[in-house]
Amino acid sequence: MANQKQQAPNIVYILADDLGYGDVSVYNPTGQIPTPNIDKLAAQGMRFTDAHSPSSVCTPTRYALLTGRYPWRSRLPVGVLRGYSRTLIEADRATVASFLKSKGYQTGVVGKWHLGLDWELKKGNEGLLASADYGIKNEMDTAVIDFSRKPAQGPNTIGFDYSYILPASLDMPPYCYLENQKLIELPTGYTDGNKLQTGYTGPFWRAGKMSPSFDFYDVLPTFISKATDFLKKQTRQKPFFLYLPLSAPHTPWVPSNNYKGKSKVGEYGDFVQQVDAAVGEVVKTLEQSGLADNTIVVFASDNGPYWRESFVKQFNHKAAGAFRGMKGDAFEGGHRIPFIVRWPGKVKAGAVSNATTTLANLLATCKEILGDKTPNPEDTYSILPVLLGKAQQVPNQPAVVHSSSIGYFAIRKGDWKLIEGLGSGGFTEPRDVKPVAGEPTGQLYNLATDQLETTNVYQQNPEKVKELTALLNQIKQGKTR
């Protein structure tokens, strides 16, 4: 058993924030942003062309990634948490981290958390906890939070031995770090916000509490420093799992001076290039440690990019690649993401897979790698056969389900994709279109012939609509296992 534990592969999972399919040059050779380090990772492993985030926005994807359950099964079926939100992952819920920890792994998370923290209440406010959804649908009032005490629930209570996190997105207060769920510096400072008129682009962040020494431009470098410190402490005697959810290139777009002006796509492109360099630094640390040969490195994004059509024209850069829409949308641009897996000696270098998969498949994949036969949560399926070249598609996966920022469901099976609603369902206008009598009530596309989702064939294919609707309902009810 000891030898088996020593041979278990280490896992480093790098999750970029709002990085588009077309922002990685190996996916989009005509794009304007060189990403040599991510491209190198793809050359050394398997690049997926049909991988998807379970949701088109941040919090839901993170929930699914760690739990193996679609996010609409949680207490927050639509939308995202904020910095003062309470923990979304249920206290008794198995996660990738808790599973790997039970198998002898050293587990760590460094980066943007965005899954809530059970901030402690000031005395006299305990009655607020009577509601099970307190702090979930709406943020906690900062006036009732006791910042001098460690949050009761967070990354360390769902399986992570070590954590160094930002509570939510880098444009959401409080702007502070917590190490092992303890604030490094109390958020006694305040920012009036920055570039509030930009419409969630550029160096935009909201007003709110912050630690006095907090520096927005230093967040990405800090995370990489903490991540490499974690890696340098690891040994061959104990396998490890590092979950590294970056805060970039989500707003604020704050590239360091070394990267300003380096791309042809403004602050956003510069920030993407800094993300690429960060990936290179993590991989280099692994290689210098001598642990790279037995380490699975995964690179992905949590959803599509926030990239308006005006930016496509201004910079001649399609951040979503050859797909329609952007972050938040039910269209492919909202959830089709770069997804790369490097596993020396196991995954063939330079491989390209067209298998349809989602980030919810991590837990089942880890379980199969380690030979665990216990039942999987509802929505996670192992991609190990695909990684090893033994299958073209993910075995037993009935379909892939997406959810948009306003709660539109989309289901994908084979070449067909059904969206339950009209409009983008997200940030692209029009987002929510009311049906007109005699016209379609939803959208159906054949992605093999209509990758851009321009021709809605809903009314021409009533049997396919019926089939996919029935399958989606079965999945919602958990009846496909």
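Y70, E378, D379, Y381, Q397, P398, A399, I475 and T480 line the second largest cavity in this predicted model. That hollow holds about 50 Å³ of space. Its lining is a bit of a mix, with 5 nonpolar, 2 polar and 2 charged residues. In total, 3 cavities of 30 Å³ or more turn up.

Now for the largest cavity, where the space comes to about 160 Å³. A set of 16 residues lines the largest cavity, and those closest to its centre are V298, L362, T365, I383 and L387. Charged residues are missing from this lining, which splits into 12 nonpolar and 4 polar. Several pieces of the fold chip in: strand 1 (10-17), strand 10 (295-301), strand 11 (336-342), strand 12 (351-358) and helix 9 (362-369) each give at least two residues to the lining of the largest cavity. Helix 9 supplies the largest share, with 4 residues.

What about the cysteines? A disulfide is a covalent bond between the sulfur atoms of two cysteines. The count of disulfides here is 0. Take C176, which is in no disulfide: the nearest cysteine sulfur belongs to C58 and sits 17 Å away. The two sulfurs would have to be within 2.5 Å to count as a disulfide, so C176 and C58 do not pair up. As for surroundings, C176 counts as buried because its relative accessibility is 0%. C366 is also classed as buried, since its relative accessible area is 2%, and the cut-off for buried is under 20%.

Terms used:
Residues are numbered from 1 along each chain as its sequence is written. This is a predicted model: local features need pLDDT of at least 70, side-chain atom pairs count only at pLDDT 80 or more; totals for chains, interfaces and linings use all residues. Side-chain values use heavy atoms; hydrogens and water are left out. On a 1 Å grid over the protein atoms alone, a cavity is a set of points where a 1.4 Å probe fits but cannot get out, and a pocket is an open set with protein on both sides within 12 Å along at least five of seven lines; lining residues have an atom within 4 Å of a point. Grid points are joined across faces, edges and corners, and a volume is the space filled by probe spheres set on the points. Ala, Val, Leu, Ile, Met, Phe, Trp, Tyr, Cys and Pro count as nonpolar, Asp, Glu, Lys and Arg as charged, and the others, Gly among them, as polar. Buried means under 20% relative accessible area, exposed over 50%, partly exposed in between (1.4 Å probe, protein chains only).
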